[in-house]
Amino acid sequence: MRARLALPVALIAAVSVAATACSSSSGDDGSGGAKKDAPKAASAAVDYNPQPYENIKDGGTYTTAGTFDDQGNPFNVNATLTASRVWGWYNADAITYSPTGEVQYNPDYYSDVKVAVEGGNQKVTLTINPKAAFNDGTPIDWKAIEATWKANNGSDKEFAASSTDGYDKITSVAKGKDAKQAVITFKGVNASWSTLFTTFLHPKAATVANFNKAYVKKAHPEWGAGPYTVGKWDTHSGNITFVRNPKWWGRKGKLDKRVYVNLESTAAVNAFKNGQLDYTSAVDAESLKQVKGLKGTEIRSGGSPFEYSLYFNTKSAALSDKTVRKAVEQSVDRAQIAKIQFQGLDYKEPLPGSAVLYSFQKGYEDNLSSVLKYAPDEAKKSLDAAGWKPGSDGVRVKDGKKLEVGYTLLGDDPLDKAIAGAFVAMLKPVGVKLVIKKADEADFSKILSDRRFDIFLAGNRSMDPFGARYLCDFFCSDRDSNLTGAGSPALDKEIRATTEIADLDEQIAAVNKVEKKALQDYAFLPLFSGPSTYSVKKGLANVGATIFFSPLPETIGWQK
């Protein structure tokens, strides 16, 4: 799960889904062999009522739900998707992307951007809007770019950075013709450099102590900048209200208030039905059924840069053996899991085969199917050969120890329970006992940061289209963001070599090749993406299924 108007990928909590009966394996090829009537690529459609700024009313409130975790700094490894979205309402949105991934510079922050290659090294010159300033009066200048780079480049391991990729290829950030110009020099060429500075840190937020701790259960509006600022941040309830920022120099925000209410997914649907919310996610058949057809609302649905996967903790005793991990993966019928997830949604997609690219993207390959097939019978033989013998109760035993694996389940959502039950049913015939361990949704970040799980189902949302550059975040052995703990120094070297490739097409081809090796650690299993489906009050503009597009806060509001 990890968002970020600025950053690559954001961890999101385990899926919400609807109550369905858990049947046994469908017999479909769980490796990616989809049925004949299944699409070859996931949907790339958008649906968000796009409206120009001039067509948005002045005033009004926009209220949604969100469950908040501890870490509010999106550059931090423990930040989640909600934290990054909240950040975007009171901090800079300097670079965004179109739904299909074209780069868009926000002139309120970057009035000019120049990219050149000199002597084989890339130089990016950012000219910052003369009016741009943080809310405490500190000018936004080259020092903010430098501070963001230094906190994230990996040179100081004390910074718990989400990703150093790209930042670690910068050799200098220097003052240009004046303080309002930052000159960024790379070692070699970085075609996806724009992902590094979509937002930035106030220099005061870029100390080790503040980077790691200052945003824990707290906002720092004085270090922010943008059309909105914090009106009220209730740490007891978790509710947050944003109001127009009187210090903003650009187009004023159209809304009077932007409100986040701290609700879990099931409560959010009820709140939407009662008129308390203006927008809610309808991720499954049950929630869609509840919100469809409500007076004054509409359903918006499109493609999704989300992917949900199983993470195997290779440091846990139960899963330290690669043979066991592979046997578990071979026993999971991914097609059946997708069937449960999408029941009642009239939606189909190919089974995902990559951690970093989606099937609607250029260069995508199904890397998983080349190294893994749904094969429970083969899994049994492998476990036999490894000395795991079936016990009297059917659970395998080795050296007097039963083959029991924990599965951490967050919250009480019926569909989450249904999917967990399906995993139990799939692994039982192979002789693996999956033990469901319940936890609160609020503990999501802690479970991941402390690696308190054996197997965990979580999702990622890509915030930019340059997925190939994030392979290290998933698979490098020395990365905190690699939740599985799998990998090796030799593989790390191969992964990092892909970041040296300037041509995006060539880079993607190399990434596909290396990812096939990484997936053979059998610690990461992509399961499904699904559509982005939302129930929205009619008239709400620039909100919905946007894929890679992140509408600027000042453009969100109610249509005239």
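Contact here means heavy atoms within 4.5 Å, and that is the sense of "touches" in the legends below.

**View 1. The whole chain, seen through its confidence values.** This is a predicted model, so a look at pLDDT comes before the close-ups. The chain averages a pLDDT of 89, with 93% of its residues at 70 or more. Residues 1-36 are another matter: pLDDT is below 50 there, yet the stretch has 152 contacts in the model beyond near neighbours in sequence.

**View 2. Helix α6, largely enclosed by the rest of the structure.** The helix runs over residues 322-331, and seven of its ten residues are buried, so it ends up largely enclosed. Those buried residues are V324, R325, A327, V328, E329, Q330 and S331. What do they pack against? Their partners are β14 (306-312), α8 (376-385), α9 (414-427), β20 (455-462) and β21 (524-528). Up at the N-terminal end, D321 provides a cap, with a side-chain oxygen 2.9 Å from the backbone nitrogen of T323.

**View 3. Q330 and the residues it touches.** Q330 is part of helix α6. Is Q330 buried or exposed? Its relative accessibility is 3%, so Q330 counts as buried, the cut-off being under 20%. Leaving aside residues up to four places away in sequence, Q330 touches L372, K373, Y374, A375, P376, E378 and A379.

**View 4. V86 in helix α1 and its neighbours from elsewhere in the chain.** V86 sits in α1, which covers residues 81-87. At 4% relative accessibility, V86 counts as buried. Which residues does V86 touch, not counting those up to four places away in sequence? They are F68, W233, I240, F242 and Y260. Take I240: it is 154 residues from V86 in sequence, but the two C-alpha atoms are 8.8 Å apart in space.

**View 5. T266 in helix α4.** Helix α4 spans residues 265-273, and T266 lies in it. With a relative accessibility of 44%, T266 counts as partly exposed. N239 is 27 residues away from T266 along the chain, and their C-alpha atoms are separated by 17 Å.

**View 6. A nonpolar patch on the surface.** V103, Y105 and V115 make this patch, which comes to about 230 Å². V103 belongs to strand β4, residues 103-105. How accessible is V103? Its relative accessibility is 32%, so V103 counts as partly exposed.

How values were computed:
Residues are numbered from 1 along each chain as its sequence is written. This is a predicted model: local features need pLDDT of at least 70, side-chain atom pairs count only at pLDDT 80 or more; totals for chains, interfaces and linings use all residues. Side-chain values use heavy atoms; hydrogens and water are left out. Buried means under 20% relative accessible area, exposed over 50%, partly exposed in between (1.4 Å probe, protein chains only). Helices (H or I, at least four residues) and strands (E, at least two) are DSSP runs, numbered from the N terminus. A polar contact is a pair of N or O atoms within 3.5 Å; within protein, one must be able to donate a hydrogen and the other to accept it, and residues adjacent in sequence count only if both atoms are side-chain atoms. Patches are made of residues with over 30% relative accessible area and no salt bridge: like charges are joined within 9 Å, nonpolar side chains (Val, Leu, Ile, Met, Phe, Trp, Tyr) within 5 Å. Accessible areas come from the Shrake-Rupley method with a 1.4 Å probe; for residues, only the protein chains shown count as cover. A salt bridge is a side-chain nitrogen of Lys or Arg within 4 Å of a carboxyl oxygen of Asp or Glu. pLDDT is the predictor's confidence in each residue, from 0 to 100.
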